[in-house]
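Reader: I would like to go through the labels used for this model and the reasoning behind each of them.

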Amino acid sequence: MSRVAYVNGQYVPYAQAGVHVEDRGFQFADGVYEVVAITDGGFVDLQGHLVRLERSLDELRIDRPMTRAALSVVLRETVRRNRVRNGSVYLQITRGAAKREFAFPAGIGPTVVAIARPLDWNKAAANAAKGVAAITQPDIRWGRCDIKTVGLLPAALAKQAAKEAGAYEAWLVDEKGFVTEGSSSNAWIVTKENVLVTRAPSTEILSGITRAAVLELAKREGLKVEFRAFSVTEAQAAKEAFVSSATSYVIPVVTLDGKPIGNGGPGVVASKLRSLYEAHAASHSTDWQAPFIAP
Ligand code: PDD
């Protein structure tokens, strides 16, 4: 079956799908995106992702192309036309196309692209059951990591370093030696006292929608949560560590730069949070969805 992309109001076969050579997403990374998981044909935490998308657009003064409800219809239709039951949908909105000039051009409208692709959730579950390796990399990103922009080169470089080291993720480290987040996920540790620690929402990290859901699920379990920075040394000495993201859910990190964390296997807390999040994702709940926690 040939894949279909949504591009500016039309559903187009991949071979014919494209944007203008002077699109500002291409020339300046002047655009934002969201990734939403799909399980058994339903979206996971869609509302939170759409709220964060609107905030990203507003922060960059990119016009909102349509209402949240209309965007949901586009995403649903993209998923339907690609017959994706389990996978993810990617939505990208740029400031639009115009003659190359740094300042915002007048009189253009945003470019909107959506694509859907299948994903084998069993593979993510297998990674979670084994636990994954992470390495550290310097955080060389810009000062507004709270905005989910398509300016992902530092993340791509970090992920490549992880791949070359045989690791699943790179944890990014600030100048003071504290972990900010993963290259495409949020970073967490569990202390010896069973306290969950993850960095406070700020301009230094992307406030994850999955993280917001996991925080809520953890609180319901009676777990204590601290929003604070932790160092690489603290992480290596922690009882457990894990990552969260829309496409990973919760995955235990069992080594950091080659040093085993805890007993070197997936921890009890991370495994419990994963199963709670799996149930939340499978429920396709419209009563409760993860909120976006603004910095
Ligand atoms: N990445 N931090 C960064 C830098 C991310 O790129 C992501 C998500 C997250 C987790 O956010 P959420 O829980 O809302 O997915 C944190 C997506 C999955 C991606 O770029 O593919």
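Author: One point before the labels: this is a predicted model. A first case is R274, which is called buried, with a relative accessible area of 7%.

Reader: Why is R274 called buried?

Author: Buried means under 20% relative accessible area. R274 has 7%, so the label is buried.

Reader: What makes the contact of E278 and R274 a salt bridge?

Author: The limit is 4 Å between a side-chain nitrogen of Lys or Arg and a carboxyl oxygen of Asp or Glu. For E278 and R274 the N to O distance is 2.9 Å, so the pair qualifies. Both residues lie in helix 8 (residues 268-283), 4 residues apart, about one turn of the helix.

Reader: Is E278 buried or partly exposed?

Author: E278 has a relative accessible area of 33%. Partly exposed covers the range between 20% and 50%, so E278 is partly exposed.

Reader: How do you know that R141 and E181 form a salt bridge?

Author: Their side chains meet at 2.8 Å, N to O, and the cut-off is 4 Å. R141 sits in the loop between strand 7 (132-138) and helix 5 (153-164), and E181 in strand 9 (residues 179-182), 40 residues apart. At 3% relative accessibility E181 is buried, whereas R141, at 21%, is partly exposed.

Reader: What parts does the salt bridge of R199 and D174 tie together?

Author: The side chains of R199 and D174 meet at 3.2 Å, N to O. R199 belongs to the loop between strand 11 (196-198) and helix 6 (209-220), and D174 to the loop between strand 8 (169-173) and strand 9, so the bridge ties parts 25 residues apart in sequence. R199 is buried, with a relative accessible area of 8%.

Reader: How many salt bridges does the rule give?

Author: The count is 21 salt bridges. E54, D58, R64 and R68 are linked in a network of them.

Reader: Why is helix 2 called oblique to helix 3?

Author: The axes of helix 2 (residues 46-60) and helix 3 (residues 68-81) come within 11 Å and cross at roughly 120°. Roughly perpendicular covers 65 to 115 degrees and roughly antiparallel starts over 145, so the angle leaves helix 2 oblique to helix 3. Helix 2 passes helix 3 in a right-handed crossing.

Reader: Which residues of helix 2 and helix 3 make the contact?

Author: Helix 2 contributes L46, Q47, L50, V51, L53 and E54, and helix 3 contributes R68, L71, S72, L75 and R76. By class, the contact of helix 2 with helix 3 has 6 nonpolar, 2 polar and 3 charged residues.

Conventions: Residues numbered from 1 in each chain as written. Predicted model: local features only at pLDDT ≥ 70, side-chain atom pairs only at ≥ 80, totals over all residues. Heavy atoms only, no water. Helix = DSSP H or I, 4+ residues; strand = E, 2+ residues; numbered from the N terminus. Buried < 20%, exposed > 50% of the residue type's maximum accessible area, 1.4 Å probe, protein only. Axes fitted to C-alpha atoms, helices over the stretch in contact; angles between N-to-C directions. Parallel < 35°, antiparallel > 145°, perpendicular 65-115°, else oblique. Left-handed = near helix turned anticlockwise from the far one by under 90°. Contact = heavy atoms within 4.5 Å. Nonpolar A, V, L, I, M, F, W, Y, C, P; charged D, E, K, R; others polar.
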